[in-house]
Amino acid sequence: MYLLNQEEQKMFVDQLRKMVDDKVRPRAAEIDEKEEFPWDLKEVFQEMGLFGLSVPEQYGGNRQGHLYTCLAVEEIAVACVSSSLIVQGQALGWEPILIGGTEEQKKKYGPMVASGDVIISYGLTESGAGSDSGAMATRAVKKGDKYVINGTKCFITNGPVANLITVFAMTDASKGVKGISAFVVPTDSPGFSVAKWEKKMGIKGSPTGELVFEDLEVPAENLVGQEGKGFVYAMKTLDTSRPVIGAQACGVARGALELATKYAKERVQFGRPIANFQGIGWMLADMAAELEAARCLVYQAAQLVDDNNPNKSYLSAASKLVASNVAMKITTDALQIAGGYGYMREYPFERMMRDAKITQIYEGTNQIMKLIISRELLK
Ligand SMILES: Cc1cc2nc3c(=O)[nH]c(=O)nc-3n(C[C@H](O)[C@H](O)[C@H](O)COP(=O)(O)OP(=O)(O)OC[C@H]3O[C@@H](n4cnc5c(N)ncnc54)[C@H](O)[C@@H]3O)c2cc1C
């Protein structure tokens, strides 16, 4: 919070914290246990206008800068990472349209995304095309005034509950990544099906699906922007979204640090609170310092995204790399501070540790973040 210098930002965070305390925190353990999408919380976020944070005003939203999406996702992730993905996933699915779409497309889809009346997902990954997303096998063939899409996407966040998917498909495989295009696909189209609802280690309340597109037809007007530009839109989208994952990582790390601090002050061994042992106090100090550093990086990356700064890919990747590693370390150390109780499912520590792990994997693994950072350095 220490970088927030505008009154509106502080007020926004206060509102979020109140909402998280009232609505999200009491539901977090149950969401994890039941592995259910929290429709009730989606409505709460909708009422607060959180889906409009990534949509500019002229397209029906209330975007005031990328930092606001980061703030919302961090605050929700303090209590429940699964729930934070509802806001994050919506921004991710919409961003390719904002980046590459025509004015008509932004005007058409912006208001429905911003209101939360539709859920939109981002469909890039395939079983044979993960880090190497350019190796995708999904094809879109133009037939008259339609495109016919065939293929399967995997691990798609919110895919099983989405109304729209931004699907990336090859329109000209001979051109490699320059032959990839993006399409807005309504999930009520004939030929769409959810083949699998994944069982996961963490973020269990966030639906992750395998989605099949079989001779699925969309009107040519559903092509986002221009043919052959899909890969550029996909990569630019990830530049905007990685600081948000960094914010999510800071959120879960902060949640774990707050709980560990409270636990250390209350838990008595050898006749005194364990917080009084230097070994524990120094652990907490390292956790706090690393979290502050990660958050500074995330805010800075969010600013570069807003400024369309040429260094935004570099810093976005760095913010996700650092914040996700910090989240994994802090959640692990928090569990350690809680000892045997930390290992029990009765306490939130183990859930936080499981949830933190995903931030090192999705939107590009941390190995891929290092590739991006080193590529920029060595240019
Ligand atoms: C819960 C969840 C939600 C997701 N949500 C979405 C979503 O909404 N939309 C979407 O499109 N995708 C989504 N993904 C996919 C995610 O982005 C990919 O899983 C991720 O990019 C890695 O791809 P992969 O799993 O195929 O791993 P692989 O690419 O097979 O990588 C396996 C290992 O090899 C390493 N590796 C790969 N290439 C290199 C290299 N060149 N140098 C060094 N190491 C390398 C990786 O770092 C990793 O450790 C989601 C994934 C998960 C688990």
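Me: What makes up the shell around the ligand, by class, in this predicted model?
Reply: Ten residues are nonpolar, eight are polar and two are charged.

Me: Which residues of the shell come nearest to the ligand?
Reply: There are 20 residues around the ligand. T125, S131, F155, T365 and Q367 come nearest.

Me: What makes the T365 pair a polar contact?
Reply: The cut-off is 3.5 Å between N or O atoms. A polar side-chain atom of T365 lies 2.6 Å from an oxygen atom of the ligand. That pair is within the cut-off, so it counts as a polar contact.

Me: How do you know that Q367 and T157 make polar contacts too?
Reply: A side-chain N or O atom of Q367 is 2.7 Å from a ligand oxygen. For T157, a polar side-chain atom lies 2.8 Å from a ligand nitrogen. Both pairs fall within 3.5 Å.

Me: How much of the ligand does the protein cover?
Reply: The ligand on its own has 970 Å² of accessible area, and the protein covers 65% of that.

Me: Which pocket does the ligand take, and which elements give two or more residues to the shell?
Reply: The ligand takes the space of the largest pocket. The elements are β3 (146-157) and α12 (366-378).

Me: Why is the ligand said to lie between domain 2 and domain 3?
Reply: Domain 2 (120-227) and domain 3 (231-378) both give residues to the shell, so the ligand lies between them.

Methods:
Residues are numbered from 1 along each chain as its sequence is written. This is a predicted model: local features need pLDDT of at least 70, side-chain atom pairs count only at pLDDT 80 or more; totals for chains, interfaces and linings use all residues. Side-chain values use heavy atoms; hydrogens and water are left out. A residue is near a molecule or strand if one of its heavy atoms lies within 4 Å of it. A polar contact is a pair of N or O atoms within 3.5 Å; within protein, one must be able to donate a hydrogen and the other to accept it, and residues adjacent in sequence count only if both atoms are side-chain atoms. Accessible areas come from the Shrake-Rupley method with a 1.4 Å probe; for residues, only the protein chains shown count as cover. On a 1 Å grid over the protein atoms alone, a cavity is a set of points where a 1.4 Å probe fits but cannot get out, and a pocket is an open set with protein on both sides within 12 Å along at least five of seven lines; lining residues have an atom within 4 Å of a point. A molecule sits in a cavity or pocket if more than half of its atoms lie within 2 Å of its grid points. Helices (H or I, at least four residues) and strands (E, at least two) are DSSP runs, numbered from the N terminus. Ala, Val, Leu, Ile, Met, Phe, Trp, Tyr, Cys and Pro count as nonpolar, Asp, Glu, Lys and Arg as charged, and the others, Gly among them, as polar. Domain bounds come from an automatic or database domain assignment.
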